[in-house]
Structures are given as C-alpha cells and as structure tokens.
Amino acid sequence: MIEQPTQGPPRAPEQMEADLRELVATIRNPHLRRLLVLVFGEGSTTWAEFRDVPAAKYYHQAYRHGLLEHCLTVAQAVSAISVIFPGIDRDLAVTGALLHDIGKVDSYEFDDETDEVSMSDLGRLYGEIALGYYRVRRLIERLDGFPPDLEHALSHIILSHHGSLQHGSPVVPCTREATLVHMVDNLGGRLGSFDRVEHQLADGEQWSQWDKGIGAGAYFATALQQQRKAA
C-alpha cells in the first residue's frame, strides 16, 4: 500500500476551527452572524458535537472531524464562487454551506477506539436532512427578530442540498444559493471519494477498482511516480 498518514483530515482540527471562525467573521448579515455564533460559538454544545463527528459512514470524510472538514471546504469554495457569479447572496450561501449537513451531528455515531462510523437511531428514523432542518429551526426560534424570508431561504438550502428527490431531498434547489451549495457539496463529496480511494491504492497501481462514490475506477497519474522517487 502507498504510505499515507492515518486516515483523517489533511488540516489539523485546530487550524480548521480557526479557518471556520475567520470565515464566520466575514458574514455581514447580523441575523445570520448571530445564528452561526449560536451554532459554532466556543461554548456551544452543537459546536462540540459538530467538531468531532464524521461527514459520512463510508464514501467521503468518514473519520473524526470529517464533518468539520467537509462543511468548511464547501463553505470556503462557495464563498469564492459567490464573487464570480452575479445575483448570489454571499452571506446566505456561505451560511447554508456551513449548516447544510448539520443533521449529521444527530445522524452518525463515531467509535474512537475502533474508528467505526455507524448510523444512530435518529438517523435511521428521520434522515440527516430532516434532522438538520429541525435543528436549525429550533436554533432560529431562540433568536428574536430573525426575518421569516431569511429563515425560508436558509431552510431551503438545507432541505434541497442533495439536489433531487431520488437522492433524498424533499425539494430540488430553487434558488441561486441552494443550487450553488448543492453543486459544491456534490463536488466536495466526489473529491473526498478520491481521497479515500487513493488511501486504499495498492503498491504499483495507478487505477483503483470501480468505486460507487466515483462511478468509475479512479486514475492517479502521479501515484506510481511518487513511489519510484521515494524508492
């Protein structure tokens, strides 16, 4: 096997936390900023759970701190893309990206001793989208004066981020911001699958076996070259 570090995020959790707080500080909308502080504040129970939970059971970032890594990278990409395309509410899109998978806090359980990820009872009963929508709704109810239109727009991002009914979303993306978050979320998950497959690549191989998360065998053109240089 290619020598790789223990599977986990490439950035230290402390660095990701600092990057997340730096991104939150750029949100100008006061209502969205208050919501994000409520979720990610250092004393928040939600933050303590969010920081450690994996992003998936298998396909991408299925390890401790995986959800933090995934949501942060999606939000950073959404922030960058928002500058390029007109008509996007950048604060709304970034907030939606940071919160789109928050239901996984309630959906997944992680065993530190075995590194195994399992689905919780709530995850199996309700699914992560419903759990995420419900969690954000409850948090918003704690914030006086949160505009209903803003709540609807943010909730739509969470409810539609899987992109289609057959993939588990009760609605499809109907706004620019929801469409952007869905597309970047899908990209982040797909690239995360490449990371997982490369970690499992056998010595001397550049092609992986067919992978469901990618929909093909993955090709790593530089893998063999790196092995030869290290030899």
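At 9% relative accessibility, His65 counts as buried in this predicted model, the cut-off for that class being under 20% relative accessible area. The residue is placed in the loop between helix 3 and helix 4, and its phi is near 70°, a positive value in a residue other than glycine. Most residues other than glycine have a negative phi.

The chain as a whole comes to 11 helices and 4 strands. Of its 231 residues, 47% count as buried, and about 12,200 Å² of surface is exposed, with carbon and sulfur atoms supplying 52% of that area. Among contacts in the chain with a separation of 6 or more, 59% are accounted for by residues 24 or more positions apart.

Arg64 is also found in the loop between helix 3 and helix 4, and the side chain of Arg64 meets that of Asp52 in a salt bridge, with an N to O distance of 3.5 Å. Asp52 belongs to helix 3, and the pair links distant parts of the chain, 12 residues apart. Arg64 counts as partly exposed at 36% relative accessibility, and Asp52 is likewise assigned as partly exposed, at 24%.

The structure holds 12 salt bridges. In one of them, Glu141 and Arg137 meet through their side chains at 3.9 Å, N to O; Glu141 is exposed, with 57% relative accessibility, whereas Arg137 is partly exposed at 28%. Elsewhere, salt bridges that share partners join Glu14, Glu17, Arg21, Arg51, Asp52 and Arg64 into one network. A further salt bridge is formed between Asp91 and Arg90, whose closest N and O atoms are 3.6 Å apart. Asp91 is buried, with a relative accessible area of 12%, while Arg90 is partly exposed at 21%.

Arg21, a member of the salt-bridge network, also has its charged end over the ring of Trp47, 5.0 Å from the ring centre. Trp47 is in turn linked by ring pairs with Phe40 and Phe50 into a cluster. The structure holds 5 aromatic pairs. In the pair made by Phe40 and Phe50, the ring centres are 5.0 Å apart and the planes stand at 75°, so the arrangement is edge-to-face. Because Phe40 lies in helix 2 (residues 30–40) and Phe50 in helix 3 (residues 45–52), this pair ties together parts that are 10 residues apart in sequence. Both Phe40 and Phe50 are buried.

Two residues of helix 9 were examined for their contacts beyond neighbours within four places in sequence. Glu151, placed in helix 9 (residues 148–160), counts as buried at 15% relative accessibility and is in contact with Arg137, Ile140 and Phe146. Arg137 is thus a contact of Glu151 as well as the salt-bridge partner of Glu141. Ser160 is found in helix 9 and is buried, with a relative accessible area of 0%; its contacts are with Ser169, Val171, Val172, Pro173, Ala178 and His182.

At the surface, Val83, Ile84 and Phe85 make a nonpolar patch of about 360 Å². Val83 is placed in the loop between helix 4 (66–82) and helix 5 (90–99). With a relative accessible area of 71%, Val83 is exposed.

Definitions and conventions: Residues are numbered from 1 along each chain as its sequence is written. This is a predicted model: local features need pLDDT of at least 70, side-chain atom pairs count only at pLDDT 80 or more; totals for chains, interfaces and linings use all residues. Side-chain values use heavy atoms; hydrogens and water are left out. Patches are made of residues with over 30% relative accessible area and no salt bridge: like charges are joined within 9 Å, nonpolar side chains (Val, Leu, Ile, Met, Phe, Trp, Tyr) within 5 Å. Accessible areas come from the Shrake-Rupley method with a 1.4 Å probe; for residues, only the protein chains shown count as cover. A salt bridge is a side-chain nitrogen of Lys or Arg within 4 Å of a carboxyl oxygen of Asp or Glu. Buried means under 20% relative accessible area, exposed over 50%, partly exposed in between (1.4 Å probe, protein chains only). Contact means heavy atoms within 4.5 Å. Rings of Phe, Tyr and Trp (its six-membered ring) pair if their centres lie within 6.5 Å; planes under 30 degrees apart count as stacked, over 60 as edge-to-face and the rest as tilted. A charge sits over a ring if NZ of Lys or CZ of Arg is within 6 Å of the ring centre and within 35 degrees of the ring normal.
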